[in-house]
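Student: I have a structure on my bench screen and want to work through it by questions. Can you show it and take me through its packing, strands and cysteines?

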Amino acid sequence: MIKYNSILFIALLFVGNVMAQDCKSSKDLEEIPGKFIDAAHNEWPQQKAHWLDNLGTAANKATANTVLTKIETLEKQSRNNYTLKGCVLKTSFSGNSKATIAGKYALANYDLNMACYEYICVKNKLMVNSEYENVFRAYVNRYTGIENAYSFEDDNYVFETPMKYNERFIALHDFIKLDDSKFVNNGKGYFQDVPESSVKQGNRSTYMTRHWYITKPGALLFVPVTRKEYLEALLVYYDREKMIIADKIKDIEKESAGMMKNPQQYPQLYENGKRNLIVGKANYPDWEKKIETKKTIVQKALKENTAAWLAQPAVVKPKPETFTWQNSYGPGPNDKVNINTAYADTKEDAQKTGSFTFSGFWDDRNGATLYKYNPEYFKGAEKNPAKPYMIELTYRYVKTTLGQSLVENFTNNFDFDAVKNLLE
């Protein structure tokens, strides 16, 4: 306790001395020595005590603290020959709710946040900004920027067990479309979302972020979804689609019946109920027949193709497209409803049989390969969910002298191999 209080006192004394200085402009601040406050000496001990609460067990918290501290130490070492000026660097940790990976493993994931709080000149007095623009982050057991290939209007029906909110979903929900450029080593080992060349010097409104996606050496984190897996996943989804539409039809019928209870006393409401029923059902024309037709197409593909063909990667339409078409429900020119259909290859498919109609793979049409998390990669995670399995490092910065010097020093001097070793 004495040691901690003495270090905290030194940190506060430093900040106090800085803030006691006079300044005339922001240019004056660039040469003032900076300060680093690591997570162990964060000035808010009451908050720090609860950083990792979401990880649950003491073992999970201990593992997370050890891993994040090692990453923090590596970042500090990357600045051995770097003179920090113009800001206070502060590190904090956080724990998140478990996320299910590969449809099976509930990983404990946790983050490091090292923010750069710049000195600012306010009424000729030196102060430390309460906000930050440049920040180094580490995400353990989760990746940002990795998106599911498909989204669904109502996730309730795509849980592994419908309506069971346990983060376990049907296979189609968990398929991923990867942006290969994020994982291609461009010579410096990172993916940058906004090219620095496109941003003017001194621009503080445009954030640029470098990403390093780190996995266990010699192991595949993502594997292609096979054609068989994709087709079988479609069959499961069709059953869920039947549930979704059947429930929607029941809701329409229930609502309309409520409006049509008393035709003598409320004739207009009765007519409105009749119209509500017709218009509502018009949004789902021949839905049962369409789903059965889709199922037959997929079942035929599974039955008639060879095992070698089915084992190839599933290559699908690269970008989602929503088709809109009209369905008439009466003789009048305005007796039509607009039907929006996503995840169909063509408008013809959208009209004939709806979403996820299978009309062939896109190998010869510049398609996108579907991926999934590799279950083999996470073996053992059920016993130690906080053990690091994948780590993403990011450095967000703005195009200022300080921002550029911080990110370039990190890029050139951080020991990325040491982070890889944490995953072994």
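Student: Which residues have the most contacts inside the largest nonpolar core?

Tutor: This is a predicted model, so treat every value as computed from it. Its largest nonpolar core has 43 residues. Those with the most contacts inside that core are Ile71 and Leu393.

Student: Which element gives the largest share of this core?

Tutor: Several elements give two or more residues to it, among them β2 (87-95), β5, β16 (390-397) and α10 (401-413). Helix α3 (58-78) is also on that list. The largest share is five residues, and it comes from α3.

Student: Which residues is Ile71 in contact with, leaving aside its neighbours within four places in sequence?

Tutor: Set the sequence neighbours aside first. Ile71 then touches Leu112, Phe136, Ala138 and Val140, among others. The rest of its contacts are Ile391, Leu393, Phe414 and Leu422.

Student: How many residues are in the second, separate core?

Tutor: Val158 and Ala233 belong to this second core. So do Leu234 and Phe361, and the core is separate from the one around Ile71. Its count is 31 residues.

Student: What should the 13 residues of α10 span?

Tutor: Use 1.5 Å a residue, times one less than the number of residues. The end C-alpha atoms of α10 are 18 Å apart. That agrees with the expected span, which is 18 Å.

Student: Which residues of α10 are buried?

Tutor: Buried means under 20% relative accessible area. In α10 the buried residues include Leu402, Gly403, Gln404 and Leu406. Completing the set are Val407, Asn409, Phe410 and Thr411.

Student: In which sense do β2 and β5 pair, parallel or antiparallel?

Tutor: Take the other partner of β2 for contrast: β1 and β2 pair in the parallel sense over three bridges. There, Ile37 stands opposite Lys90 in β2. With β5, Thr91 stands opposite Met114. The pairing of β2 and β5 runs over nine bridges and is antiparallel.

Student: Which residue in the turn of the β5 and β6 hairpin has a positive phi?

Tutor: β5 and β6 (residues 125-128) pair in the antiparallel sense over four bridges. Tyr119 stands opposite Val128 in β6. The hairpin has two residues between its strands. The one with a positive phi, about 50°, is Lys123.

Student: Which two residues are joined by the disulfide?

Tutor: A search of the whole structure finds one disulfide. Its S to S distance is 2.0 Å, within the 2.5 Å cut-off. The residues joined are Cys23 and Cys121.

Student: How many residues apart are Cys23 and Cys121?

Tutor: Cys23 lies in the loop between α1 (2-19) and β1 (35-37). Cys121 is in strand β5 (residues 110-122). The pair links distant parts of the chain, and the separation is 98 residues.

Student: Is that disulfide right-handed or left-handed?

Tutor: Look at the torsion about the S-S bond of Cys23 and Cys121. Its value is about 110°, so the disulfide is right-handed.

Student: Is Cys121 buried or partly exposed?

Tutor: Start with its partner: Cys23 has 4% relative accessibility and counts as buried. Cys121 has a relative accessible area of 25%. The buried class ends at 20%, therefore Cys121 is partly exposed.

Student: Why is Cys87 not bonded to Cys116?

Tutor: Both cysteines are buried, Cys87 with a relative accessible area of 0% and Cys116 at 1%. Cys116 is in no disulfide. The two sulfurs are too far apart for a bond, because the distance is 3.0 Å.

Student: Which side chain joins that of Asn109 in a polar contact of 2.9 Å?

Tutor: Asn109 is in the loop between β4 (105-107) and β5, and at 4% relative accessibility it counts as buried. A polar atom of its side chain lies 3.1 Å from the backbone oxygen of Ser97. The side chain that makes the 2.9 Å contact is that of Asn96.

Student: How far apart in space are Leu269 and Asp38?

Tutor: Leu269 is in helix α6 (residues 267-282). At 37% relative accessibility, Leu269 counts as partly exposed. Leu269 and Asp38 are 231 residues apart in sequence. C-alpha to C-alpha, their distance in space is 68 Å.

Note on methods: Residues numbered from 1 in each chain as written. Predicted model: local features only at pLDDT ≥ 70, side-chain atom pairs only at ≥ 80, totals over all residues. Heavy atoms only, no water. Buried < 20%, exposed > 50% of the residue type's maximum accessible area, 1.4 Å probe, protein only. Core = buried A, V, L, I, M, F, W, Y, C linked by side-chain atoms within 4.5 Å. Contact = heavy atoms within 4.5 Å. Pairing = 2+ DSSP bridges. Polar contact = N/O pair within 3.5 Å; in protein donor to acceptor, adjacent residues only side chain to side chain.
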